[in-house]
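Welcome, and please take a moment to look over the model shown here. The notes that follow walk through it piece by piece.

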Amino acid sequence: MCEQKKKSGGGKWRHPFSLVFRIAGMGLAVAAAAVMAAASECTVYADYGARPRTVTYADYPPFVYLVVASSVAAAMEAVAVFLAVCKDGKAGKKARAVVMPVIAAAAPALLYTAAGAAFAAGWDINYYMEPTGRRVSICRSSVGDRFCKQVHVSMWLSLGAAVAVTVAEWAAATACGCSDSDSDSDSESVCGHGCHSKH
């Protein structure tokens, strides 16, 4: 059945489809990290006479993880795009066979865990004032509106990047599943998972 699909050209769309979603996932991951890193202009006045506090994403470990994980995932997807486009040489084939399965597992995992952690912490962002220990809701204050909006945008961008990368991996995997296994030269093509599509 898969062989018939290949002969009819039914699976040829999957490689460019996967490539487009890889690029989209990379762009969304970079945007998520950049928007979150820019969320640092919230000054909180909790008590009269107390020194104002400037709240940044670095005050919240889940947000820091989102920036780091999204940046790493974006770098991984950039490597995946490079390997998908540049396919010449035995060294490149060996690199794809080793690197692409790692990226296929690691990039979505990083993005989903980053989005999940950020969603868990980001709906109602609280800040604990020292030394009193008073808890202040950042999102419910007028001064924290911009900060919270940036955090929420970054959360959704990270989730979008995770979905885009997942779709890209699905397209690559289905292209590999419905391909001919006759050619040794095709056995280490763009996906690195044993995909066999002629170019």
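## A buried arginine and its partners

Let us begin with Arg22, which counts as buried at 3% relative accessibility. The model is a predicted one, and it places Arg22 at the centre of our first question: which residues are linked with Arg22 in a network of salt bridges? The partners are Glu77 and Glu169. The structure holds 2 salt bridges, and the table sets them out.

| Salt bridge | N to O distance | Helices | Separation along the chain |
|---|---|---|---|
| Arg22 with Glu77 | 3.1 Å | α2 and α3 | 55 residues |
| Arg22 with Glu169 | 2.8 Å | α2 and α5 | 147 residues |

Each of these pairs links distant parts of the chain: Arg22 in helix α2 meets Glu77 in helix α3, and Arg22 also meets Glu169 in helix α5.

Are the two glutamates buried or exposed? Glu77 has a relative accessible area of 1%, so it is buried. Glu169 is at 11% relative accessibility and therefore counts as buried too, since the cut-off is under 20%.

Glu169 also has a neighbour to point out in helix α4. Ile103 has its place in that helix, and the C-alpha atoms of Ile103 and Glu169 are separated by 9.4 Å, although the two residues are 66 residues apart along the chain. Ile103 counts as buried, with 4% relative accessibility.

## Nonpolar cores

Now for the nonpolar side chains. The largest nonpolar core has 22 residues, and those touching the most other members are Met36, Tyr60, Phe63, Ile125, Ile138, Phe147 and Val151. Which elements give two or more residues to this core? They are α2 (14–37), α3 (61–85), α4 (90–122) and α5 (145–177). Of these, α5 gives the most, with 5 residues. Another core lies apart from this one; it has 12 residues, including Ala74, Ala107, Ala161 and Val165.

## Along helix α3

Helix α3 offers a pleasant contrast between a buried residue and a partly exposed one. Ser70 is found in this helix, and its relative accessible area of 0% makes it buried. What does the side chain of Ser70 have beside it? A polar atom of that side chain lies 2.8 Å from the backbone oxygen of Leu66.

Val72 lies in helix α3 as well, but it counts as partly exposed, at 37% relative accessibility. Together with Val64 and Val68, Val72 makes a nonpolar surface patch of about 200 Å². Why can Val72 belong to such a patch? Patches are made of residues with over 30% relative accessible area, and Val72, at 37%, is therefore above that cut-off.

## What the record adds

Finally, a look at the database. In an unreviewed entry, the UniProt annotation "transmembrane region" covers residues 63–86 and 98–123. How do these two stretches appear in the model? Over residues 63–86 the chain is 96% helix and 0% strand, with the end C-alpha atoms 34 Å apart. Over residues 98–123 the chain is likewise 96% helix and 0% strand, and here the end C-alpha atoms are 39 Å apart.

To return to where we started, Arg22, Glu77 and Glu169 form a network of salt bridges, and this is a good place to begin when you turn the model on your screen.

How values were computed:
Residues are numbered from 1 along each chain as its sequence is written. This is a predicted model: local features need pLDDT of at least 70, side-chain atom pairs count only at pLDDT 80 or more; totals for chains, interfaces and linings use all residues. Side-chain values use heavy atoms; hydrogens and water are left out. A nonpolar core is a set of buried Ala, Val, Leu, Ile, Met, Phe, Trp, Tyr and Cys residues joined through side-chain atoms within 4.5 Å. Buried means under 20% relative accessible area, exposed over 50%, partly exposed in between (1.4 Å probe, protein chains only). Helices (H or I, at least four residues) and strands (E, at least two) are DSSP runs, numbered from the N terminus. UniProt positions are given in the numbering used here, feature names are shortened, and annotations may be inferred rather than shown by experiment. A salt bridge is a side-chain nitrogen of Lys or Arg within 4 Å of a carboxyl oxygen of Asp or Glu. Patches are made of residues with over 30% relative accessible area and no salt bridge: like charges are joined within 9 Å, nonpolar side chains (Val, Leu, Ile, Met, Phe, Trp, Tyr) within 5 Å. Accessible areas come from the Shrake-Rupley method with a 1.4 Å probe; for residues, only the protein chains shown count as cover. A polar contact is a pair of N or O atoms within 3.5 Å; within protein, one must be able to donate a hydrogen and the other to accept it, and residues adjacent in sequence count only if both atoms are side-chain atoms.
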